[in-house]
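Q: Could you take a close look at one part of this protein for me? I would like to follow a single spot and its surroundings.

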Amino acid sequence: MNRRIRSITIMLMMLITLVLSACGGESESGNAQSGNAQSGSAADDRISDDQALEAIKAYCHESNPDLQRIEDEGEYPVYWEIESSSDEAIVVLFRSYTGCLVRYYIDPVSGDTYVTEFVEGITEEEQKTDEAFNVKDYI
């Protein structure tokens with residue numbers, strides 16, 4: 001029985017490691033764009049949904065160079081979509097090839113972004129990660 005529990009524990013640890021490396025890299029604190037000049041209105045500086053989506057794709061591809069190959073091969077489902085958009089946040093959902101659902105919460109004015117992950121059967125709910133960056137660095 002102990003051997004079976006040990007095997008299951010090892011497999012879960014390997015799966016979690018794979019999931020956590022799916023679309024993350026080293027955390028960045030990208031505040032370089034936060035101090036933009038105050039010229040123009042906030043609406044002029046607002047990130048569009050399309051810009052947010054393309055920037056998150058660029059971020060994921062930069063963080064995981066193998067992702068483009070995985071996408072092209074089509075063996076595993078991988079996609080990005082705008083899950084919601086408001087004045088407060090644009091939420092981009094990334095469905096990783098590992099099955100992990102990664103959400104990027106973007107402040108549409110500043111570009112500040114934080115990340116959550118959810119893995120069905122492993123995590124009970126969406127969990128905030130240590131990953132944070134400024135999406136304007138990828139536009």
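**A buried charge and its helix neighbour**

A: Happy to! Glu131 is buried (under 20% relative accessible area, 1.4 Å probe, protein chains only), yet Glu131 has no salt bridge (a side-chain nitrogen of Lys or Arg within 4 Å of a carboxyl oxygen of Asp or Glu). The nearest side chain of opposite charge, Lys128, is 12 Å away; here Lys and Arg count as positive and Asp and Glu as negative, with His and the chain ends not counted. This is a predicted model, in which local features need pLDDT of at least 70, side-chain atom pairs count only at pLDDT 80 or more, and totals for chains, interfaces and linings use all residues. Residues are numbered from 1 along each chain as its sequence is written, and side-chain values use heavy atoms, leaving out hydrogens and water.

Glu131 sits in strand E5, strands being DSSP runs of E with at least two residues and helices runs of H or I with at least four, numbered from the N terminus. The side chains of Glu131 and Tyr59 are joined by a polar contact of 2.4 Å (a pair of N or O atoms within 3.5 Å, one able to donate a hydrogen and the other to accept it; residues adjacent in sequence count only if both atoms are side-chain atoms).

Tyr59 leads us to helix H3, where Ala52, Leu53, Ala55, Ile56, Tyr59 and Cys60 are buried. They lie on the same side of H3 because they cover an arc of only 165 degrees around the axis, taken from the directions from the helix axis to the C-beta atoms. On the other side of H3, Asp50 and Glu62 are exposed (over 50%).
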